[in-house]
Amino acid sequence: VLQYMTRNAQFFNKMGATNHRRECMDISYNKLFKILIDKELKKTEFAKEIGISANTLAKLSRNELVSMEVLVRICRYFECSVDDILDILPEKKLDNR
(Lines give C-alpha, C1' and ligand atoms only; values in the text may rest on other atoms or scores of the structure.)
Protein backbone atom coordinates (compact mmCIF):
# COMPACT_ATOMS: atom_id res chain seq x y z
CA VAL A 1 0.00 0.00 0.00
CA LEU A 2 2.80 2.42 0.91
CA GLN A 3 4.52 1.72 -2.41
CA TYR A 4 1.23 2.44 -4.26
CA MET A 5 0.74 5.71 -2.39
CA THR A 6 4.31 6.80 -3.08
CA ARG A 7 3.96 6.11 -6.82
CA ASN A 8 0.68 8.04 -6.97
CA ALA A 9 2.17 10.98 -5.07
CA GLN A 10 5.08 11.04 -7.51
CA PHE A 11 2.66 10.93 -10.46
CA PHE A 12 0.58 13.83 -9.18
CA ASN A 13 3.69 15.86 -8.40
CA LYS A 14 4.84 15.35 -12.01
CA MET A 15 1.42 16.49 -13.21
CA GLY A 16 1.84 19.73 -11.29
CA ALA A 17 -0.64 18.96 -8.52
CA THR A 18 0.06 20.57 -5.20
CA ASN A 19 -0.71 19.78 -1.63
CA HIS A 20 -4.50 19.45 -1.12
CA ARG A 21 -4.48 21.86 1.82
CA ARG A 22 -2.94 24.58 -0.34
CA GLU A 23 -5.60 24.10 -3.02
CA CYS A 24 -8.53 24.49 -0.61
CA MET A 25 -10.24 27.82 -0.52
CA ASP A 26 -10.87 29.43 2.81
CA ILE A 27 -14.60 29.02 3.22
CA SER A 28 -16.91 29.00 6.22
CA TYR A 29 -20.32 27.37 6.51
CA ASN A 30 -20.98 28.90 9.95
CA LYS A 31 -24.02 30.72 8.56
CA LEU A 32 -25.51 27.39 7.48
CA PHE A 33 -24.99 25.85 10.90
CA LYS A 34 -26.50 28.90 12.58
CA ILE A 35 -29.61 28.42 10.42
CA LEU A 36 -29.76 24.76 11.50
CA ILE A 37 -29.56 25.79 15.15
CA ASP A 38 -32.20 28.51 14.72
CA LYS A 39 -34.55 26.03 13.03
CA GLU A 40 -33.71 23.36 15.63
CA LEU A 41 -32.59 20.92 12.95
CA LYS A 42 -29.99 18.25 13.66
CA LYS A 43 -27.23 17.97 11.07
CA THR A 44 -28.07 14.36 10.29
CA GLU A 45 -31.80 15.11 9.88
CA PHE A 46 -30.94 18.01 7.58
CA ALA A 47 -28.59 15.84 5.48
CA LYS A 48 -31.30 13.23 5.06
CA GLU A 49 -33.90 15.87 4.13
CA ILE A 50 -31.82 17.30 1.29
CA GLY A 51 -30.27 13.99 0.23
CA ILE A 52 -26.59 14.48 0.96
CA SER A 53 -24.22 11.82 2.22
CA ALA A 54 -22.52 11.66 5.59
CA ASN A 55 -19.22 12.39 3.81
CA THR A 56 -20.62 15.60 2.32
CA LEU A 57 -21.98 16.61 5.70
CA ALA A 58 -18.53 16.02 7.17
CA LYS A 59 -16.98 18.25 4.49
CA LEU A 60 -19.41 21.01 5.39
CA SER A 61 -18.55 20.58 9.06
CA ARG A 62 -14.82 20.89 8.25
CA ASN A 63 -15.40 23.95 6.02
CA GLU A 64 -14.21 22.09 2.94
CA LEU A 65 -15.39 22.62 -0.62
CA VAL A 66 -18.55 20.82 -1.72
CA SER A 67 -20.17 20.64 -5.14
CA MET A 68 -22.36 23.38 -6.55
CA GLU A 69 -25.18 20.82 -6.64
CA VAL A 70 -25.03 20.49 -2.85
CA LEU A 71 -25.07 24.26 -2.40
CA VAL A 72 -28.09 24.55 -4.71
CA ARG A 73 -29.94 21.83 -2.76
CA ILE A 74 -29.27 23.66 0.51
CA CYS A 75 -30.38 27.02 -0.90
CA ARG A 76 -33.56 25.56 -2.38
CA TYR A 77 -34.38 23.81 0.89
CA PHE A 78 -34.06 27.04 2.91
CA GLU A 79 -35.24 29.29 0.05
CA CYS A 80 -32.15 31.42 0.40
CA SER A 81 -29.06 32.45 -1.56
CA VAL A 82 -25.49 31.19 -1.29
CA ASP A 83 -24.55 34.34 0.66
CA ASP A 84 -26.96 33.22 3.37
CA ILE A 85 -25.19 29.89 4.00
CA LEU A 86 -21.48 30.52 3.47
CA ASP A 87 -18.68 33.05 3.61
CA ILE A 88 -15.61 33.12 1.42
CA LEU A 89 -12.80 34.25 3.68
CA PRO A 90 -9.89 36.44 2.60
CA GLU A 91 -7.05 34.57 0.98
CA LYS A 92 -4.14 33.74 3.26
CA LYS A 93 -0.68 34.39 1.89
CA LEU A 94 1.54 31.28 1.90
CA ASP A 95 5.08 31.58 3.21
CA ASN A 96 7.36 30.59 0.29
CA ARG A 97 10.54 29.96 2.29
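This is a short tour of the chain, stop by stop, for you to follow in your viewer.

**Before you start**

The model is predicted, so local features are described only where pLDDT is at least 70 and side-chain atom pairs only at pLDDT 80 or more, while totals for chains, interfaces and linings use all residues. Residues are numbered from 1 along each chain as its sequence is written, and side-chain values use heavy atoms, with hydrogens and water left out.

**Stop 1: the whole chain**

Show everything as a cartoon. The chain has 6 helices and 2 strands; these are DSSP runs numbered from the N terminus, with helices being H or I runs of at least four residues and strands E runs of at least two. Trace the chain along its sequence and you meet the pattern α-α-β-α-α-α-α-β.

Now switch on a surface. About 7,900 Å² is exposed, and carbon and sulfur atoms supply 53% of that area (Shrake-Rupley method with a 1.4 Å probe; for residues, only the protein chains shown count as cover). Of the 97 residues, 25% count as buried. Here buried means under 20% relative accessible area, exposed means over 50%, and partly exposed lies in between, using a 1.4 Å probe and protein chains only.

Contacts are worth a look too: a contact means heavy atoms within 4.5 Å. Among contacts between residues at least 6 apart in sequence, 68% join residues at least 24 apart.

**Stop 2: helix H5**

Select residues 54–61, which form helix H5, and pick out Leu-60 there. Is Leu-60 buried or exposed? Leu-60 is buried, because its relative accessible area is 0%. Setting aside residues up to four places away in sequence, Leu-60 touches Tyr-29, Leu-32, Phe-33, Ile-52, Val-66 and Ile-74. Add Asn-30 to your selection: the C-alpha atoms of Leu-60 and Asn-30 are 9.2 Å apart, although the two residues are 30 apart along the chain.

Stay in helix H5 and move to Thr-56. Thr-56 is buried as well, at a relative accessible area of 17%. Beyond residues up to four places away in sequence, Thr-56 touches Val-66 and Val-70. Val-66 also appears in the list of residues that Leu-60 touches.

**Stop 3: where H4 meets H6**

Select residues 43–50 for helix H4 and residues 68–78 for helix H6; their axes come within 10 Å and cross at roughly 100 degrees. The axes are lines fitted to C-alpha atoms, for helices over the stretch in contact, and angles run from 0 to 180 degrees between N-to-C directions. H4 and H6 are therefore roughly perpendicular to each other, a label for angles of 65 to 115 degrees, while under 35 counts as roughly parallel, over 145 as roughly antiparallel and the rest as oblique.

Which residues make the meeting of H4 and H6? Phe-46, Glu-49 and Ile-50 in H4 meet Arg-73, Ile-74, Tyr-77 and Phe-78 in H6. By class, this contact has 5 nonpolar, no polar and 2 charged residues. Nonpolar covers Ala, Val, Leu, Ile, Met, Phe, Trp, Tyr, Cys and Pro, charged covers Asp, Glu, Lys and Arg, and the others, Gly among them, are polar.

Next, select Leu-41, in the loop between helix H3 (30–38) and H4. Leu-41 is partly exposed at a relative accessible area of 22%. Leaving aside neighbours within four places in sequence, Leu-41 is in contact with Leu-36, Tyr-77 and Phe-78.

**Stop 4: two cysteines**

How many disulfides does the structure hold? The count is 0, where a disulfide is a pair of cysteine sulfur atoms within 2.5 Å. Select Cys-75 and Cys-80: the sulfur of Cys-75 has its closest cysteine sulfur in Cys-80, 4.3 Å away, which is too far for a bond. Cys-75 counts as buried at 10% relative accessibility.

**Stop 5: two loop residues**

Finish with Asn-63, in the loop between H5 and H6. Its phi is near 55 degrees, a positive value in a residue other than glycine. Asn-63 counts as partly exposed, at 27% relative accessibility.

Then select Glu-79, in the loop between H6 and strand S2 (87–88). Phi of Glu-79 is near 50 degrees, again positive in a residue other than glycine. Glu-79 counts as exposed because its relative accessibility is 75%.
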